[in-house]
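The exercises below go with the sequence and the model shown here. Try each task by inspecting the structure before reading its solution.

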Amino acid sequence: MEHDISKLDAILSAYQGKKGALIPLLQEAQALEGYLSRPVLKYISEKMNVSAAEIYGVVTFYSMFRLEPQGKHIIRVCKGTACHVSDADGIKDALIETLKLAPGAVTTSDMKFTLMEVACLGCCSLAPVIMVDDQTFGKLTPEAIPGILDKFRF
């Protein structure tokens with residue numbers, strides 16, 4: 001592990017021997033770096049005497065856990081029914097093209113943006129909708145995407 005593990009050790013000691021501690025422990029561990037790296041998961045497995053398979057199962061089951069680092073700005077593309085029928089796929093394609101994401105990649109190489117799909121943002125009357133961090137953009141067209149992203153490129 002490359003990082004200072006003193007903070008992780010403090011978290012581990014707070015949960016040592018407690019039943020049902022794995023999820024809150026993983027949440028706090030994730031808060032340290034914004035994601036759960038493989039070395040962190042291995043370290044937690046060793047220190048908590050919980051199999052790596054069990055930890056991996058928990059981390060991959062709950063969508064709140066991230067196994068990859070995220071960009072500075074999180075872009076959420078709504079894939080709800082209203083957005084789906086209003087060309088959410090075209091919006092997503094425009095985002096991928098504007099961000100120049102490699103096939104399968106969700107985070108830009110400069111770590112400025114991470115793109116993710118969400119089931120519904122609850123803004124159906126604005127479909128199609130994206131959120132960049134906490135800002136909502138609705139009634140989108142693919143042509144609007146570069147201008148929106150320019151606001152976050154500083």
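## Exercises with worked solutions

**Exercise 1. Find the helix that lies across β1, β2 and β3, and give its angle to β1.**

Solution. Helix α6, residues 88-99, lies across β1 (73-78), β2 and β3, and runs at about 155 degrees to β1. Helices (H or I, at least four residues) and strands (E, at least two) are DSSP runs numbered from the N terminus. Angles run from 0 to 180 degrees between N-to-C directions, and axes are lines fitted to C-alpha atoms, for helices over the stretch in contact. The model is predicted, so local features need pLDDT of at least 70 and side-chain atom pairs count only at pLDDT 80 or more, while totals for chains, interfaces and linings use all residues. Residues are numbered from 1 along each chain as its sequence is written, and side-chain values use heavy atoms, with hydrogens and water left out.

**Exercise 2. Count the helices and strands, and write down their order along the sequence.**

Solution. The chain has 7 helices and 4 strands. Followed along the sequence, they give the pattern α-α-α-α-β-α-α-β-β-β-α. The C-alpha atoms fill a box of roughly 55 × 30 × 25 Å along the principal axes.

**Exercise 3. Work out the strand order of the sheet, and say which strands stand at its edges.**

Solution. Begin with the order, which is β2-β1-β3-β4 in an open sheet of 4 strands with mixed pairing; two strands pair if DSSP finds at least two bridges between them. Next, look at the ends of that order: β2 (113-118) and β4 (135-137) are the edge strands, and each has a single partner strand, so one side of each is left without a neighbour in the sheet. From one strand to the next, the twist averages 20 degrees. Finally, take one pair in detail: β3 (residues 130-132) and β4 run antiparallel and are joined by 3 bridges, and isoleucine 130 has phenylalanine 137 of β4 as its bridge partner.

**Exercise 4. Describe how α2 and α3 pack against each other, including the residues that make the contact.**

Solution. Two packed helices are described by the angle between their axes and the distance between the axes. For helix α2 (residues 22-33) and helix α3 (residues 38-48), the axes come within 11 Å and cross at roughly 145 degrees. The residues in contact (heavy atoms within 4.5 Å) are Leu25, Leu26, Ala29 and Glu33 of α2, together with Val40, Leu41, Ile44 and Met48 of α3. Sorted by class, this contact has 7 nonpolar, no polar and 1 charged residues, where Ala, Val, Leu, Ile, Met, Phe, Trp, Tyr, Cys and Pro count as nonpolar, Asp, Glu, Lys and Arg as charged, and the others, Gly among them, as polar.

**Exercise 5. Identify the largest nonpolar core and the helices that supply it.**

Solution. A nonpolar core is a set of buried Ala, Val, Leu, Ile, Met, Phe, Trp, Tyr and Cys residues joined through side-chain atoms within 4.5 Å. Buried means under 20% relative accessible area, exposed over 50%, and partly exposed in between, with a 1.4 Å probe and protein chains only. The largest core has 20 residues, and those with the most contacts inside it are Leu26, Leu36, Ile44 and Ile55. Helices α1 (6-15), α2, α3 and α4 (52-61) each supply at least two of its residues, and α3 gives the most, with 5 residues. A second, separate core has 17 residues, including Leu95, Phe113, Ile148 and Leu149.

To follow one residue, leave aside the neighbours of leucine 26 within four places in sequence: leucine 26 is then in contact with Leu36, Leu41, Ile44, Ile55, Val58, Val59 and Phe65.

**Exercise 6. Locate the backbone features at proline 128, lysine 100 and methionine 111.**

Solution. Most residues other than glycine have a negative phi, and most peptide bonds are trans. In the loop between β2 and β3 lies proline 128, which is joined to alanine 127 by a cis peptide bond with omega of about -5 degrees. Lysine 100, in the loop between α6 and β2, has a positive phi of about 55 degrees and counts as exposed because its relative accessibility is 72%. Methionine 111 also lies in the loop between α6 and β2; its phi is positive, near 65 degrees, and at 35% relative accessibility methionine 111 counts as partly exposed.
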